[in-house]
Amino acid sequence: MLVSAKDMLQKAKAGHYAVGQFNINNLEWTKAILLTAQELNSPVILGVSEGAGKYMTGYKTVVGMVNGMIEELNITVPVALHLDHGSYEGCLKCIEAGFSSIMFDGSHYPIEENIAKTTELVKITSEKGMSLEAEVGSIGGEEDGVVGKGECADPNECKSIADLGVTMLAAGIGNIHGKYPDNWEGLSFETLDAIQQLTGDMPLVLHGGTGIPEDMIKKAISLGVAKINVNTECQLAFAAATREYVEAGKDLSGKGFDPRKLLAPGFEAIKATVKEKMELFGSVGQA
Ligand SMILES: [Zn+2]
């Protein structure tokens, strides 16, 4: 059964580790992430962007697939199914479809409008026992067509949003989505520290986890980050393993063209990436 991300993130914040959000794109992704979480006895958050939801034909398909897998793979660790960077309308659709967690990305609205819309969603999600992630300060890079500049959030605005009763808060601290450029200046720990000082127990969320050096990840966790989003890294691992299989000509030998064989190396690569991240974040054994 799907659960809200609230308990797992409050436990993580108190225990000084982070829970990974791994974005899913299809059956292979979902199965690889769920099986790895179960093997490592780790809580896990499955992230679904609006684009990925559309790709998988809609949110109801996603909910059906994830619930089916949890039952048929005997997954007993806590699993949250979370909308990533949702629009207001997207959030309402996911609530309706049976997600257990949503992110409302109101960072592109003026702060007053972000507050008004977030307030509405706090009301709905708390009635349904769901978790809600809010965002302050846009997170750079490209994600489903939204391009930002890797800015740092205003800690006072973070406090205004945190006080509305959201479950977890994403704030720009110089992080970006996708691959980091060579001239990236790193995370702003001053900003993160100031946000944590003002928001107290609120679990903080780090987006764009791909390519942030391990020591920065660990420092961010020590400063209150309890949820880290991983997306691009699984995609790169899947693509590299699939490329290797095809370039070795394995799809041309015997029944190597069978999708269950063709996609197997990519599946294993996602599992290895998820394992590596769960170990780094410290969520292993915390289910
Ligand atoms: Zn993000």
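**A barrel and the helices packed around its strands and each other**

Helix α12, formed by residues 264-281, lies across two strands, β1 (19-23) and β10 (225-230), and runs at about 155° to β1. The model in which this arrangement appears is a predicted one, and the description that follows starts from the sheet, continues with two pairs of helices and ends with the confidence of the prediction.

Both strands beneath α12 belong to a barrel that eight strands close in the order β1-β2-β3-β4-β5-β8-β9-β10, with parallel pairing. Neighbouring strands of this sheet are turned against each other by 25° on average, when direction is ignored. In general, the strands of a sheet pair through backbone hydrogen bonds, in either a parallel or an antiparallel sense. One of the pairings in this barrel joins strand β5, residues 131-136, to strand β8, residues 168-171, in the parallel sense and over four bridges; within this pairing, E133 has M168 of β8 as its bridge partner.

Returning to α12, one may ask which residues of helix α10 meet this helix. Helix α10 spans residues 232-247 and packs against α12 at an angle of about 145°, with the two axes 8 Å apart, and the crossing in which α10 passes α12 is right-handed. On the α10 side the contact is made by E233, C234, A237, F238, A240, A241, T242, E244 and Y245, which meet P265, G266, E268, A269, I270, A272 and T273 in α12. Divided by class, the residues of this contact comprise ten nonpolar, three polar and three charged ones.

A second helix pair is formed by α6, residues 111-128, and α7, residues 155-162, which pack at an angle of about 20° with their axes 10 Å apart. Angles under 35 degrees count as roughly parallel, and α6 and α7 are therefore roughly parallel to each other. The contact involves I111, N114, I115 and T118 of α6, together with E157, S160 and I161 of α7, and by class these are three nonpolar, three polar and one charged residues. The crossing of α6 and α7 is right-handed.

As for confidence, the protein chain averages a pLDDT of 94, and 96% of the residues score at least 70. Over residues 143-148, however, the pLDDT is below 50, although in the model this stretch has twelve contacts beyond near neighbours in sequence. Where pLDDT is low, predicted coordinates should not be read in detail.

Notes
Residues are numbered from 1 along each chain as its sequence is written. This is a predicted model: local features need pLDDT of at least 70, side-chain atom pairs count only at pLDDT 80 or more; totals for chains, interfaces and linings use all residues. Two strands pair if DSSP finds at least two bridges between them. Axes are lines fitted to C-alpha atoms, for helices over the stretch in contact, and angles run from 0 to 180 degrees between N-to-C directions. Two residues are in contact if their C-beta atoms, placed from the backbone, lie within 7 Å. pLDDT is the predictor's confidence in each residue, from 0 to 100. Angles under 35 degrees count as roughly parallel, over 145 as roughly antiparallel, 65 to 115 as roughly perpendicular and the rest as oblique. A crossing is left-handed if the near helix is turned anticlockwise from the far one by less than a right angle, and right-handed if clockwise. Ala, Val, Leu, Ile, Met, Phe, Trp, Tyr, Cys and Pro count as nonpolar, Asp, Glu, Lys and Arg as charged, and the others, Gly among them, as polar.
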